[in-house]
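Colleague: Could you take me through one part of this model up close? I'd like to hear about the salt bridges, and then whatever else helps me find my way around.

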Amino acid sequence: MFRYLVRRLLWAILLFIVITFVTFVIFFMAPNNPARGYCGGDNAKPQCLALATKKLGLDKPVPVQYLKFLKRLVVDRSLGQSYFTGQDVNQAIAQAAPVTASLVFGGAILWMLIGLVVGVFSALKPRSLLDRIAMVFVLIGVSAHPVWIGLIFSYFFGFKLGITPIANYANFFGAPADSGLPGGPWQWFYHLILPWCTFALLFAALYVRMIRANVMETMNEDFVRTARAKGAPERQVLFSHTLRNALLPVVTMLGMDIGIGLGGAIFTETVFNLPGLGQTAVIGISNQDLAIVQGVIVFATVAIIIFNLVVDLLYAWIDPRIRLT
């Protein structure tokens, strides 16, 4: 297990270096001068541009700039400052990350619950009414776009029925006393019901189909038939033999899908006006603020690498055969 852990850590470090370098080069090649944004945009004076170029280190060769960027990132643990507002990028990420984390992890719990319950019952009773309804749900979930789903949910459940808020976010730990904004655990949950449902629908549909197929395939394996032949109770066969083996691929998929969800959260955040990483990146792009956009990408990359590392270790713990590969 230790050798497997070392290999995965080295791979994670290499992946981090490659992605940060590619990100840095892409933004360096972008047709936009960060110094111009630093000096106020298109009306920037040449003297200001010259000073800003030197201050931001843009007059240095690309490898030197990257090494300085990597040193600031690793040693100083700083993502820099916004070229547009001067705000510390770490602070902007710290404000936006909890919103995106609330959306993604809450949505992941919801889609796993739906996928497990519907997928298992659908596999136990194939071609039943539940199975047919589940397949219709899968078709809708895979076909519909999150923006369309979010707008439909907002219109019916938020506007017409008034069951949930249409948009905005409430802080879990409470809003400032003089802000007049809602806050607290209940308001946090209440404001995220529709975003969770919207975000989870696509993944829930995929997981229903995947879990259904895995459970049906595992139920026909020899070790499951052997367990039944020995007189094991059906409940024990289902939980101890069928699900334990059928859900192994789901663990791997979960790690990758949460990473995909971090990127796809931008659609849900836009529909429901959630001030998360996606909305922060969109504002940074509209302001041509490369420091903010670069900070969001680097932070999301590190989060995905760490989460996938945890999932790899969890998968190796569940199935020891993985450690040998």
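Modeller: Here's a walk through the charged pairs, followed by a few other spots.

Bear in mind that this is a predicted model. The count of salt bridges comes to three. As a reminder of the idea, side chains of opposite charge can pair when their charged atoms come close.

Let's start with aspartate 131 and arginine 212, whose closest N and O atoms are 2.7 Å apart. Aspartate 131 sits in helix H6 (residues 129–143) and arginine 212 in helix H8, so this salt bridge ties together parts that lie 81 residues apart in sequence. Both of these residues are buried.

Now look at aspartate 222 and arginine 225, which form a salt bridge with 2.5 Å between the closest N and O atoms. This one is within helix H9 (residues 222–229): the two residues are three apart, which means about one helical turn separates them. Aspartate 222 has a relative accessibility of 52%, and it counts as exposed because the cut-off is over 50%. Arginine 225, at 45%, counts as partly exposed.

The remaining pair to visit is lysine 71 with aspartate 76, where the side chains meet at 3.9 Å, N to O. That still qualifies, because the rule asks for a nitrogen within 4 Å of a carboxyl oxygen. Lysine 71 is partly exposed with a relative accessible area of 48%, and aspartate 76 is partly exposed too, at 45%.

Away from the charges, try phenylalanine 27 in helix H1 (residues 2–29). Its relative accessible area is 17%, so it falls under the 20% limit and counts as buried. Setting aside neighbours within four places in sequence, phenylalanine 27 touches Leu290, Val293, Gln294 and Ile297. Leucine 290 is 263 residues away in sequence, yet the two C-alpha atoms are 7.0 Å apart.

For the surface, there's a nonpolar patch with about 910 Å² of accessible area together, and its members include Trp148, Tyr155, Phe159 and Ile163. Isoleucine 163 is in the loop between helix H7 (146–160) and helix H8 (185–219), and is partly exposed with a relative accessible area of 45%.

Last stop is helix H11 (residues 248–272). With 25 residues at 1.5 Å each, H11 should span 36 Å, and the 34 Å between its end C-alpha atoms agrees with that. Along the way H11 has a kink of about 45°, centred on glycine 263. Just after H11, asparagine 273 takes a positive phi of about 55°.

Technical notes: Residues are numbered from 1 along each chain as its sequence is written. This is a predicted model: local features need pLDDT of at least 70, side-chain atom pairs count only at pLDDT 80 or more; totals for chains, interfaces and linings use all residues. Side-chain values use heavy atoms; hydrogens and water are left out. Helices (H or I, at least four residues) and strands (E, at least two) are DSSP runs, numbered from the N terminus. The expected span of a helix is 1.5 Å times one less than its number of residues. The bend at a residue is the angle between axes fitted to the seven residues ending there and the seven starting there. Patches are made of residues with over 30% relative accessible area and no salt bridge: like charges are joined within 9 Å, nonpolar side chains (Val, Leu, Ile, Met, Phe, Trp, Tyr) within 5 Å. Accessible areas come from the Shrake-Rupley method with a 1.4 Å probe; for residues, only the protein chains shown count as cover. Buried means under 20% relative accessible area, exposed over 50%, partly exposed in between (1.4 Å probe, protein chains only). Contact means heavy atoms within 4.5 Å.
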